[in-house]
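This briefing sets out the pockets, salt bridges and nonpolar core of a single model. The sequence and structure are shown first, and the points that follow are grouped by topic.

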Amino acid sequence: MSQSLDADHADICDGVNLMTPNADKIRFFRSQIPEFACKPGCHDCCGPVLASTEEMARLPRKSRQAREAALADLRCPHLGENGCTVYHERPLVCRLFGTTPKLACPNGCKPAAPIDPAVAQEVFLFFKETRHVLV
């Protein structure tokens, strides 16, 4: 795929330009969740997760067989041999792992500064109020 097409796809997906009521919320939350490096080779947080329908629309579709196999292994269907295959489009809950005490990294990895507690509270409220489906 050309770089131009990648850039066009990023404009559509990264901006969550799916014209949904939650698009602005998701964009805001993504901008507020701090990033950090995980322990190389660790995938302890990559179990089955829930995502909003808007986030699911950004992920490649997996076959029923791939989803069932991942669930049987208690892992995300987007976890590949070298880590997350959808890292740049990963759902909010995946981004949140390790940034808040409620979703602490089991290996102690964390960003230099945690997510603002008020923003974390807003994200958790979004999770509670928004329909989510199993990835």
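The model is predicted. By class, the lining of its largest pocket comprises 21 nonpolar, 7 polar and 8 charged residues. That pocket encloses about 710 Å³ of space, and 36 residues line it. The structure also contains 5 salt bridges, and its largest nonpolar core is made up of 22 residues.

**Largest pocket**

- The lining residues closest to the centre of the largest pocket are Cys38, Cys84, Tyr87, Arg90 and Cys94.
- Strand S3 (83-84) and helix H5 (92-96) each contribute at least two residues to the lining of this pocket.

**Second largest pocket and histidine 78**

- The volume of the second largest pocket is about 150 Å³.
- Its lining is formed by Met56, Leu59, Pro60, Arg61, Lys62, Arg67, Pro77, His78 and Val135.
- By class, the lining of the second largest pocket has 5 nonpolar, 1 polar and 3 charged residues.
- Histidine 78, one of these lining residues, is located in the loop between helix H4 (64-72) and strand S2 (79-80).
- Histidine 78 has a relative accessible area of 3% and is therefore buried, the cut-off being under 20%.
- When neighbours within four places in sequence are set aside, histidine 78 is in contact with Leu59, Pro60, Lys62, Gly83, Cys84, Thr85, Val86 and Val135.
- Among these contacts of histidine 78, Leu59, Pro60, Lys62 and Val135 also line the second largest pocket.
- Cys84, another contact of histidine 78, is one of the residues closest to the centre of the largest pocket.

**Salt bridges**

- Arginine 30 and glutamate 89 form a salt bridge through their side chains, with an N to O distance of 3.7 Å.
- This pair joins distant parts of the chain, 59 residues apart: arginine 30 belongs to helix H2 (residues 23-32), and glutamate 89 to the loop between S3 and H5.
- Arginine 30 and glutamate 89 are both buried.
- A network of salt bridges links Arg30, Arg58 and Glu89.
- In another salt bridge, the closest N and O atoms of arginine 64 and glutamate 68 are 3.6 Å apart.
- Arginine 64 and glutamate 68 both belong to helix H4 and are separated by 4 residues, about one turn of the helix.
- Arginine 64 counts as exposed because its relative accessibility is 59%, the threshold being over 50%.
- Arginine 75 and aspartate 73 also form a salt bridge, in which the closest N and O atoms are 3.7 Å apart.
- Within this pair, aspartate 73 counts as exposed at 52% relative accessibility, whereas arginine 75 counts as partly exposed at 27%.

**Largest nonpolar core**

- Leu92, Leu96 and Phe127 touch the most other members of the largest nonpolar core.
- At least two residues of this core come from each of H2, H5 and helix H6 (117-129).
- H6 provides the largest share, 6 residues.
- In soluble globular proteins, nonpolar side chains tend to be buried together.
- Leucine 96, leaving aside neighbours within four places in sequence, is in contact with Ile33, Leu103, Ile115, Val123, Phe124 and Phe127.

How values were computed
Residues are numbered from 1 along each chain as its sequence is written. This is a predicted model: local features need pLDDT of at least 70, side-chain atom pairs count only at pLDDT 80 or more; totals for chains, interfaces and linings use all residues. Side-chain values use heavy atoms; hydrogens and water are left out. On a 1 Å grid over the protein atoms alone, a cavity is a set of points where a 1.4 Å probe fits but cannot get out, and a pocket is an open set with protein on both sides within 12 Å along at least five of seven lines; lining residues have an atom within 4 Å of a point. Grid points are joined across faces, edges and corners, and a volume is the space filled by probe spheres set on the points. Ala, Val, Leu, Ile, Met, Phe, Trp, Tyr, Cys and Pro count as nonpolar, Asp, Glu, Lys and Arg as charged, and the others, Gly among them, as polar. Buried means under 20% relative accessible area, exposed over 50%, partly exposed in between (1.4 Å probe, protein chains only). Contact means heavy atoms within 4.5 Å. A salt bridge is a side-chain nitrogen of Lys or Arg within 4 Å of a carboxyl oxygen of Asp or Glu. A nonpolar core is a set of buried Ala, Val, Leu, Ile, Met, Phe, Trp, Tyr and Cys residues joined through side-chain atoms within 4.5 Å.
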